[in-house]
Amino acid sequence: MTRHALSVVVPQVLRIWRRQAGLHFVVSTFCWFTLISFVWCGANNLHMNDGVRTQDIIAGDVFFEILEPSALEYTYRLRPAKDFGGTFGISYKSPQGKLVPAIPADACSEKFENADELEGNIALVERGHCSFLTKAINVEAIGGAAIIVTEYDTEIDDFDYYIEMVHDNTDRDTDIPAGFLHGKNGIIIRQTLKKMNLPYAIVNIPVNLTFIQPHMINQPPWLPW
């Protein structure tokens, strides 16, 4: 091949090689970015690849929905009493129950100012001043159907925890179910009902979440699980 022919052919071969190499680089880069994007999305999606199941979230707890007022229309978690009282779903269940803030809120006496509203309904009471069992017995004594206890002292060390409510080792017991509600939920429910001048909230309890995907559960925006 003459020198002139080489000067013509070699540049053409180099141009073809560069075009092919460039195309290969573009294709490879695109594939890598696609793979990285997929892995990143998976890592940040709770319900994609990390194996979280609704059964893992439930873990023996009870759930209920507030149906009214709409400002509180979320699904809430309860920690059932460990060794006293009845069972939500057996001793008490209702698709249209009333959750009534007790007055006085500590439920350490049978003398409730709103006893008529508590009768046949769920009492929302505050932790403290007497045992959990005493609160449940007092609510049961005036005809209450169930009791939900919540923390109100935001400065207490265990405010952000679900408390295990246990028997007080007396010879007493109660037949109504009892559950512990996270303090932040309890405060917001009480404050909202008071602000709206409502004596109770309408609830559906218990709610079966077994076959609902975690991302479909209507959690309170101020307290995700």
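**Briefing: a predicted model of a 225-residue chain**

In α5, 13 residues at 1.5 Å a residue should span 18 Å, and the C-alpha atoms at the two ends of the helix are indeed 18 Å apart, so the expected and modelled spans agree. This helix belongs to a predicted model of a protein chain with five helices and seven strands. The notes below cover confidence, overall make-up, the nonpolar cores, helix α5 and some backbone features.

**Confidence**

- The average pLDDT of the protein chain is 82, and 74% of the residues reach at least 70.
- Residues 2–10 have a pLDDT below 50, and this stretch makes three contacts in the model beyond near neighbours in sequence.
- Residues 29–51 also have a pLDDT below 50; beyond near neighbours in sequence, nine contacts are found for this stretch.

**Overall make-up**

- Along the sequence, the helices and strands of the protein chain follow the pattern α-α-β-β-β-α-β-α-β-β-α-β.
- The protein chain has 225 residues, and 39% of them count as buried.
- Among contacts in the protein chain with a separation of 6 or more, 72% join residues 24 or more positions apart.
- The protein chain has an accessible surface of about 13400 Å², and carbon and sulfur atoms contribute 57% of this area.

**Nonpolar cores**

- The largest nonpolar core holds 24 residues, of which Phe-64, Leu-99 and Ile-189 touch the most other members.
- Two or more residues of this core come from each of β1 (62–68), β2 (75–80), β4 (122–126), β5 (146–150), α5 (183–195) and β7 (201–205).
- Another core lies apart from the largest one; it has 22 residues, including Ala-107, Phe-132, Val-149 and Phe-180.
- Which residues does Leu-99 touch, leaving aside those up to four places away in sequence? They are Phe-64, Ile-122, Ala-123, Leu-124, Ile-148, Ile-189, Leu-193, Pro-199, Tyr-200, Ala-201 and Val-203.

**Helix α5 and what follows**

- Which residues of α5 are buried? They are Gly-183, Asn-185, Gly-186, Ile-188, Ile-189, Arg-190, Thr-192 and Leu-193.
- In an α-helix there are 3.6 residues a turn, so residues three or four places apart point the same way.
- Two of the buried residues of α5, Ile-189 and Leu-193, are among those that Leu-99 touches.
- Asn-197, just after α5, has a positive phi of about 55°.

**Cis peptide bonds**

- The bond from Ile-103 to Pro-104 is cis, with omega near -5°. Pro-104 sits in the loop between β3 (94–101) and α3 (115–118).
- A cis peptide bond also runs from Ile-205 to Pro-206, again with omega near -5°. Pro-206 belongs to the segment after β7.

**Positive phi at residues that are not glycine**

- Ala-107 is not a glycine, yet its phi is positive, at about 55°. Its place is in the loop between β3 and α3.
- Is Ala-107 buried or exposed? Its relative accessible area is 0%, and because buried means under 20%, Ala-107 counts as buried.
- His-129 is not a glycine either, and has a positive phi of about 75°. The loop between β4 and α4 (132–141) contains His-129.
- Is His-129 buried or exposed? The relative accessibility of His-129 is 68%, and because exposed means over 50%, His-129 counts as exposed.

Methods. Residues numbered from 1 in each chain as written. Predicted model: local features only at pLDDT ≥ 70, side-chain atom pairs only at ≥ 80, totals over all residues. Heavy atoms only, no water. Core = buried A, V, L, I, M, F, W, Y, C linked by side-chain atoms within 4.5 Å. Buried < 20%, exposed > 50% of the residue type's maximum accessible area, 1.4 Å probe, protein only. Helix = DSSP H or I, 4+ residues; strand = E, 2+ residues; numbered from the N terminus. Contact = heavy atoms within 4.5 Å. pLDDT = per-residue confidence, 0-100. Areas by Shrake-Rupley, 256 points an atom, 1.4 Å probe, with all protein chains shown as cover. Expected span 1.5 Å × (residues − 1).
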